[in-house]
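Let's take a walk through this structure together. Have the sequence and the 3D view side by side as you read.

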There are 2 protein chains.
Amino acid sequence: MEPVPVAEILQRQADLQEMLADAEIELALIRQAADLYYYSSVIVDGFLALGPAGDPLLLVRRPQQRLQELDLPFPVAFYRDIRDVPRILGQVGLGHNGAIGAELDVMPALLYRRLHEELFPQRSIVDLTMMIRKQRMIKSAYEIAQIRRAAAILDETLEEAARLIRPGLSELELSAALEYHLRLAGHQGLVRTRTWNLEMFFGHVLSGAAGIQAAYVETPSGGTGFSHGFPQGAGTKRLAVGEPISVDLAACVNGYIADETRLYVLGDLPEAACKALELVERLFELYEVEAQVGSLPGEIYQRLRGEVKAAGLEDYFMGVGRDRVFFLGHGVGLELDEYPLITAKFPFPLAADMVIAFEPKFFLPEIGMVGFEDTGRITAAGVEWLTRSPRRVWQLR
Amino acid sequence: MEPVPVAEILQRQADLQEMLADAEIELALIRQAADLYYYSSVIVDGFLALGPAGDPLLLVRRPQQRLQELDLPFPVAFYRDIRDVPRILGQVGLGHNGAIGAELDVMPALLYRRLHEELFPQRSIVDLTMMIRKQRMIKSAYEIAQIRRAAAILDETLEEAARLIRPGLSELELSAALEYHLRLAGHQGLVRTRTWNLEMFFGHVLSGAAGIQAAYVETPSGGTGFSHGFPQGAGTKRLAVGEPISVDLAACVNGYIADETRLYVLGDLPEAACKALELVERLFELYEVEAQVGSLPGEIYQRLRGEVKAAGLEDYFMGVGRDRVFFLGHGVGLELDEYPLITAKFPFPLAADMVIAFEPKFFLPEIGMVGFEDTGRITAAGVEWLTRSPRRVWQLR
């Protein structure tokens, strides 16, 4: 197994510590799996405790044996009962007084109340969400290398899709075959999301007019799935001639996600689909012009939406009618729903080494979804695309 | 797609309303995917709002189009901004005053604070966790039928494993092939868990001595995975002669989970493994005697642990050393980690139609994990096993 470079971890910790010092937070308690992995290089049942200066302490409930054998560049302590955590922290001079920071966007309310009422009574518990998400939205060279690896297996899987697609194959059969392909190529399986109830399993393989159905998740495509128990993604519908077939998948290597959508058709696409795809191509060109270091996401969003409006297709852009989503792209990294967001109001300008999945998509009634998605890195020289399959419809005979 | 029976949904809502009335809770707001599905038969971005009497109201942010077309046996209202929720509820006489109940074990702290400080200020927000988990731990005939279907595809997949296993195949290759098999058989893919950070992807395919490693998740088996980014489950280790090969998978049909573990060996198991398996067989026999309607989980736990202790194997039971887990079984249903738990202190007696995955397992140093897991229903006539593969080691030549 490939460890995260030690220098990388120490730098991430130091950067968070600097933000804690600025915000006068005396103790950060990191517990969510993706954040723990980011700041400590391991995933445990426990907490990474950091003050604004000095050594952090990794508090581990489980697995104890495995963690004892690891050579981590910071101290580790073990516990069984969460009630012992304040005492253990106190012994190393962490958390005596001052504000405590926690991941309040993902921490369950009961645990929050326990921290607040029982473990650290009369202490203010402040939210670390923005601090963490802002730090994590700028990727290191190591992180970009991992996303590149995820992108490579995704490119290869989307080519495989072109070999598999045939009339009569169901969406589920195609999805399952591509999932299998991704797993053998090193996909970890689990795709992490941060937003509560934003459930995801690999992605969405959809076809034809039924494929434009929105789901409960805040994604442009949805689909119905094949059961009310998980109403999104591939269904049992069979692939048919003349329909757009969209494969939107996430691959995940060493924790890092790449996200890509490609289109396929058996035979020919309807004229309206081809016209919408010309606009998609134009939106990619515009995005490459607009997505510069320093650009405001809100301006990119308005510029591209203006183009869509001028073409009269706004009601079908990024969903249908009231179920449209109001972003054109989203950050990816350890989670599928990272910062930045290309929305009207996202508050931070683009910066070098942000990694964004850009996905202009049209949902055409009686036809289906047409659009592409690519994961790209913001650089001083423009967008560097990390997913690299040819951005064209795979036309299959 | 098969809808959940209407009578079933209305009964579940009525039962919750009765508990709300008893607890003097004026409004329950249900939002988590599994709970929403349980109480409303749909999964939306929104809330099911129930008072102690009268019609509930399903508040839907998305998908609006699809929900408008459904014929649900209760009213539905649509919103875009969560700040409109109290007003919409007020219009139908819900939530004017009194305590508000929410799923505080899974609701993020920020949303909880928002309910408390902004949306329903000066109102007490109480926790519905125990109420919901207690209700959901008793399964209806419909629910048991779904778990039976999940169990059937799981049985069939565990037989398929016996056909696939050969020396040199990696754990990941075996796991991926079984995942593919399950998907084609109708597994929805996603396996829901309730506990924060209890991540799961299908389950754990492990082999040999390395397979006894514990992971961060509160499960007896763990494994290292093949990346620090998701350190559990199948790794790249290759299957070898004479090692226990364990396949612990969850299948999920119409939202409902069955959980099963079977063992395989190429050639012969070591003598110590066979002896431990005799004890496993004895523990299943004891469990069938002890797991009666009205039995206390704590007594079952002590009785079985006593047997293990008498055999001198307690240090290797349900994990290794300090990484052992302290349950012998767990409820399954819409989530993998439901009530009841067979632990020393679980507070409720067993009741008819609880569905429990019972998994006595030994983690033998230098050998590997040996044990079985079956999902069974508690009935007045004893345990009815829903997973039904022969409970024996598949010995492969």
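We begin with how the copies are related, then turn to the helix contact, the cores and two loop residues.

A word on conventions: this is a predicted model, in which local features need pLDDT of at least 70 and side-chain atom pairs count only at pLDDT 80 or more, while totals for chains, interfaces and linings use all residues. Residues are numbered from 1 along each chain as its sequence is written, chains are lettered from A and ligands numbered from 1 in the order in which they are written, and side-chain values use heavy atoms, leaving out hydrogens and water.

Start with the pair of chains. Chain A superposes on chain B (RMSD 0.0 Å) after a rotation of 180 degrees with 0.0 Å of shift along its axis, using a least-squares fit on the C-alpha atoms of residues with pLDDT of at least 70 in both. The two copies are therefore related as by a two-fold rotation axis. Both copies use the same surface, as 100% of the contact residues of chain A recur in chain B; contact here means heavy atoms within 4.5 Å.

Now find helix α5 (residues 109–119) in each chain. The α5 helices of chain A and chain B pack at an angle of about 80 degrees, their axes 8 Å apart, so α5(A) is roughly perpendicular to α5(B) (the term covers 65 to 115 degrees). From α5(A), the residues in contact are A:A109, A:Y112 and A:R113, and from α5(B) they are B:A109, B:Y112 and B:R113. These divide into four nonpolar, no polar and two charged residues.

Next, look inside. The largest nonpolar core has 148 residues, and those touching the most other members are A:L58, A:L174, A:Y264, B:L58, B:L174 and B:Y264. Such a core is a set of buried Ala, Val, Leu, Ile, Met, Phe, Trp, Tyr and Cys residues joined through side-chain atoms within 4.5 Å, where buried means under 20% relative accessible area with a 1.4 Å probe, protein chains only. Beyond its neighbours within four places in sequence, B:Y264 contacts residues including B:L158, B:I165, B:P244 and B:W394. A second, separate core of 52 residues includes A:L57 and B:L57.

Finally, visit two loop residues of chain A. A:F327 sits between α10 (297–310) and β10 (329–331), and counts as buried because its relative accessibility is 9%. Its C-alpha atom is 8.9 Å from that of A:T219, 108 residues apart along the chain. A:G235, in the loop between β7 (203–207) and β8 (245–253), is buried too, at 4% relative accessibility.

Definitions and conventions
Axes fitted to C-alpha atoms, helices over the stretch in contact; angles between N-to-C directions. Helix = DSSP H or I, 4+ residues; strand = E, 2+ residues; numbered from the N terminus. Parallel < 35°, antiparallel > 145°, perpendicular 65-115°, else oblique. Nonpolar A, V, L, I, M, F, W, Y, C, P; charged D, E, K, R; others polar. Buried < 20%, exposed > 50% of the residue type's maximum accessible area, 1.4 Å probe, protein only.
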